[in-house]
Structure formats: C-alpha cells, structure tokens
Amino acid sequence: MDDMSPKSSSGRFRKWFKTKHKNKQKHKEPDPYNYLDGLSDGEDEGDYIMEDVYISSFEMDPCTSTNELRIFVGTWNVAGRSPVGSLAVDLEEWLKPQDAADIYVLGFQEIVPLKTRTVIGAEDPTEATNWNLLIGKTLNENFGCPWLTPMLNPVSSDNYQYVKVPDCERRASFSGVIDSTLMRGRWITQYHQQLVLGGSKYKLMASKKMVGVFISVWMKKELLKKYCVSNVKVSSVACGIMGYLGNKGSVSVSMSIEGTSFCFIAAHLASGEKNGDEGRRNRQVSEIFKRTSFPRSAKDDDNRHPLTILGHDQIFWFGDLNYRLDLEDNLARDLIKKQDWKALQGFDQLRKEQEDGGVFEGWREGNIKFAPTYKYSSSNCNRYSGGLPNRSGEKQRTPAWCDRILWYGKGVKLLSYFRSESKFSDHRPVSAQFSTQIEVMKSTNSRFLDKETNFHNIMPPEQIGPSINKEEGKPTLLSLIVKDTESSSTHMQVDTNY
C-alpha cells in the first residue's frame, strides 16, 4: 500500500490513516512490526491454524467504529491425565457455555506426563487432538447442535489433510478460507467433517502443543462472516531443562480481528517454593518475552502484523505460572480457613512482580476472591496436600495461587475472575471473562452492503467521535520492549537447575 498512488482509494485510505494516527505512533512501542519473510511455527506437525483467513478488500472507506467482543480465557493444569471419563461434565461446568462468549481461549499444562520420553521425544499430537475434540463437543452441544460420536481411536500423527470450506461458507468480499486438521489416512471422519465443514457454532481457529503445554482458540462461526480475521499464527518457547527443553515454557497464538491485534500466551513456569525459585520463573518470563515471535510468511496478506508479544494491542498471559506465597505454611493455611484473601494476596509473589521493576510491571489481574488453586492432595479430593499432621507419602506444599490470568493493553474490561471445582487434578481450573473493544473498518466495497446504500452519506473521518476505549495500561518494562527490537542473537541466560 505504501507504493500505491494517493489518487487510488487505497492510497487515500493510507494517507488518512497515517494522519489520524500520527500522534498515537509517537508514543507506541518502538518497531512492533517486522516484515521479515519466513514460515510460521504452524508448520509443525500437530498444530492447527486457520490458514488464509479472510483476505479483506482494499477498497475501504476511512470510517471506523468500535465493537464489543466477549472473550473467555481459561487455564488448567491437568496433571498428565487424558480427557476421559466424567471430564465432559467438569469441562461444561468450567467453560459455562450457556454464557456464550464470542471467543474461547484455553490453556492447559501437563496434558501429558512430564517424563523423559515425552520431554525429549518427538511430539505426539494425540492428546491435543483429543482435548480439541472434547472442547468442540462441549461448546457446540450446548447450543442445540448435535455432534456425532467422537472417534474411538486416536488420530494418527503421520498424515495431514487440508480441507477447503465450500463456497457457500465464504464471506463474499474475501478470497476464502482454508482449514487444516489431522485426519486418519485419506478419509475424513464424520466427526472431523462436522468440526471443519459445518454443523457447529464454534470453530477451531488455532491450537499449539509443546510437550505438556497446550493452547486452543475457538471463535463463533458467525463472527467469521462478520469480521475480517487475519494473520493467525502460533509460536512456542521452550525454556525448561538446560534452558531449552519443553517441560517448561509457553505456546502462543497471534491473530488480528479487523484493526485490533490479539496475543494469547499459555505458559508453564518453573515450580518450587525454595529461595531462588521465583528468580527462575522471572527469567523464564523474560525469555518468553524475548523469544516469542510471529514472523511474516509468504501466505500473509498485505496488512502488517505484530512480530513480538508487546507489539499487540491486547495481550493475555495465563497458565500455571507457579508463583507462590512468601509465608509459612501454617500461617497461610490459617488465612485460607478465614478466607482472608486480601491478607493472603499481600504475600503473593506474582503481585509483587506487577509492581514497578517487576517482570509483569504494568500488567493487570482481577481481584482474587477464591481459594488457592494448588496443591490438592489427589484427584477427587478437596484437601490441600501436606499440613499437620502430614500423611505418609504426601508432598509438603504451601497452598498457592499458581494458576493465573493477566492482561495488558487498551480496550479490555474484566467481567469476572473465578475458579472451578473440578477434582480432575491437583490444580483447580481458573477462568476470566472479558469485554474487549475492537476497531472495525467499514468497507465501501463489501457485497454485504445493501445495494441502495448511498456511499456519499457515510460519515467522513473528521466527524467520527472519539474512541470509547479509555482504559489505558501502564507502560511495560522498557527494557523488555527494547530487547524485543534488538538482535535475536542476544539471549538471557536461564538457570539450568530445573
């Protein structure tokens, strides 16, 4: 678009856009975008990316508005257990699909046991596929959309099939949609066919697995016809054993909805409550900030997209972050019995990291009004592990809010922050519901506009009122922003004692 003549519609739009955002760009983080060529991490076996999602028309009228989206973000450490048995009931209680969010972003930790074979061996997408099938079933069945029986046998990892959505499913003013999903052999099972081609209310946009860390992003299908969704990318950062194995680290999804970019980071950080363990977690956070990238590829549209985490408009960081309480075990348990959450938060390590100089400086989190989510004695138990008298064979762990959800950026409003009571693992799942604002460009060339629309009556940009988005985030650590733009060859050293 930079090379287009200003006499064209696209050139006029570009000129107006630069003028309108001239002051805004002066205060924006340095160089949050990058035009380097390269393939996204979505080429790895077992990943799922909604590819080539809606390439928008260039003929656009310079009019913008803000629309609301409801986003559900959840995190759950499932302790290496497979999605079987009565978990469907627990998942329904956790996701609360009757509340019908527009987007579901789910992060899991330990979807496979963290053993030598799973940590250093080849990635096996079976468990991730099974979780996606159960999530899709849970989200869609609750809207009166019957799903067929899931596959009894796990999907093999040796074959990809790329399935094109029929023309009737495409948005008229866009080039089309391509889905990719794992199939067995050359045949598409009825279950997958229903997932990809229709019969569902929610569509899988992207998923990424790294050892036991897993992220899955779902969106209402109706929104795919209403909005331009582009540049869906995934990234992973392994920073566990020796600083580079995947037993700890993050998986992330980047995507743009109209004029607003989103980044979702699901992380599993170093465990432990000894002196020095908090420092290891902080170094891993810095590594994730520095090493997460979403490079440009040949399949991208002409719209630029953020390369780094901090380049996005709205960012959500969640997972088993493993931050503990700087408090003796018996005192912590006394405050839990009293349900004095405010007093307990005064000893929380993650809260301290959100203050000036912390690794999450400027990030926000909801007020915690629920009990610590870790560590419960065993599955199907409501008792914390350890304590006095200590039962034989139990690990002594001070209860803590290990499972957390943070956000950063403008136009984000927290609606609720809560834990669920599934006893599936030694962690309790945690969720947050958000109202977010996205910037929408009104196209003058969309076939969805009524044929009788008088384009001369559309409001010019100078008459558009100020954005309703007034929520500002504090600046994130400048050092992290600068590191995002420096040479990728510079890496912070990570403690190897994991």
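Trainee: Which residues does methionine 255 touch, not counting residues up to four places away in sequence?

Mentor: The partners are Met205, Val217, Met219, Val229, Ser230, Asn231, Val232, Thr260, Ser261, Phe262 and Phe264. Keep in mind that this is a predicted model.

Trainee: What makes those residues contacts of methionine 255?

Mentor: The cut-off is heavy atoms within 4.5 Å. Each residue named for methionine 255 counts as touching by that rule.

Trainee: Which residues touch the most other members of the largest nonpolar core?

Mentor: Phe108 and Met255 do, in a core of 82 residues. Strand 7 (residues 213-220) gives the largest share of this core, six residues. Another core, of 22 residues, lies apart from it and includes Phe289, Val359, Trp363 and Leu406.

Trainee: Why would such side chains sit together?

Mentor: In soluble globular proteins, nonpolar side chains tend to be buried together.

Trainee: Why is phenylalanine 264 called buried or exposed?

Mentor: Buried means under 20% relative accessible area. Phenylalanine 264 has 0% relative accessibility, so it counts as buried. Its place is strand 10 (residues 260-268). Beyond four places in sequence, phenylalanine 264 contacts Ile71, Val105, Ile215, Val251, Ser252, Val253, Met255, Phe316 and Phe318. Serine 254 is 10 residues away along the chain, with 6.6 Å between the two C-alpha atoms.

Trainee: How do you know whether serine 250 is buried or exposed?

Mentor: Apply the same test. Serine 250 has 0% relative accessibility, so it is buried. Serine 250 sits in strand 9 (residues 249-257). Leaving out residues up to four places away, serine 250 touches Met210, Ser235, Ser236, Val237, Ile265, Ala266, Ala267, Ile288 and Thr292.

Trainee: Where does glutamate 394 fall, buried or exposed?

Mentor: Its relative accessible area is 16%. The limit for buried is under 20%, so glutamate 394 is buried. Glutamate 394 is in the loop between helix 11 and strand 12. Among residues more than four places away, glutamate 394 touches Ser377, Arg383, Ser385 and Gly386.

Trainee: What makes alanine 79 partly exposed?

Mentor: Partly exposed runs between the 20% and 50% limits. Alanine 79 comes to 33%, so it is partly exposed. Alanine 79 lies in the loop between strand 2 (60-77) and helix 3 (87-95).

Trainee: What share of the 498 residues in the protein chain is buried?

Mentor: The share is 55%.

Trainee: Why is the pair of phenylalanine 289 and tryptophan 317 called stacked, tilted or edge-to-face?

Mentor: By the pairing rule there are 22 aromatic pairs. In this one the ring centres are 5.1 Å apart and the planes stand at 50 degrees. Centres must lie within 6.5 Å, and planes under 30 degrees apart are stacked, over 60 edge-to-face. An angle of 50 degrees meets neither, so the pair is tilted. Phenylalanine 289 lies in helix 8 (residues 277-291) and tryptophan 317 in strand 11 (residues 314-320), so the pair ties together parts 28 residues apart in sequence. Phenylalanine 289 and tryptophan 317 are both buried.

Trainee: Why does the pair of phenylalanine 370 and tyrosine 417 get its name?

Mentor: The centres are 5.5 Å apart and the planes at 80 degrees, so the pair is edge-to-face. Phenylalanine 370 is in the loop between helix 11 (349-353) and strand 12 (403-409), and tyrosine 417 is in strand 13 (residues 412-419), so the pair ties together parts 47 residues apart in sequence. Phenylalanine 370 and tyrosine 417 are buried.

Trainee: What is unusual to look for in the backbone?

Mentor: Most residues other than glycine have a negative phi, and most peptide bonds are trans. Alanine 79 has a positive phi of about 60 degrees. Glutamate 110 also has a positive phi, near 60 degrees. Glutamate 110 is in the loop between strand 3 (103-109) and helix 4.

Trainee: What kind of peptide bond joins tyrosine 374 and lysine 375?

Mentor: Omega is about 0 degrees, and the bond is cis. Lysine 375 lies in the loop between helix 11 and strand 12.

Trainee: How many residues line the second largest pocket, and which are closest to its centre?

Mentor: The pocket holds about 530 Å³ of space. Its lining has 31 residues, with Glu110, Ser271, Tyr374, Lys395 and Asp426 closest to the centre. The lining divides into 10 nonpolar, 12 polar and nine charged residues. Helix 4 (residues 116-120) gives the largest share, three residues.

Terms used
Residues are numbered from 1 along each chain as its sequence is written. This is a predicted model: local features need pLDDT of at least 70, side-chain atom pairs count only at pLDDT 80 or more; totals for chains, interfaces and linings use all residues. Side-chain values use heavy atoms; hydrogens and water are left out. Helices (H or I, at least four residues) and strands (E, at least two) are DSSP runs, numbered from the N terminus. Buried means under 20% relative accessible area, exposed over 50%, partly exposed in between (1.4 Å probe, protein chains only). A nonpolar core is a set of buried Ala, Val, Leu, Ile, Met, Phe, Trp, Tyr and Cys residues joined through side-chain atoms within 4.5 Å. On a 1 Å grid over the protein atoms alone, a cavity is a set of points where a 1.4 Å probe fits but cannot get out, and a pocket is an open set with protein on both sides within 12 Å along at least five of seven lines; lining residues have an atom within 4 Å of a point. Grid points are joined across faces, edges and corners, and a volume is the space filled by probe spheres set on the points. Ala, Val, Leu, Ile, Met, Phe, Trp, Tyr, Cys and Pro count as nonpolar, Asp, Glu, Lys and Arg as charged, and the others, Gly among them, as polar. Rings of Phe, Tyr and Trp (its six-membered ring) pair if their centres lie within 6.5 Å; planes under 30 degrees apart count as stacked, over 60 as edge-to-face and the rest as tilted.
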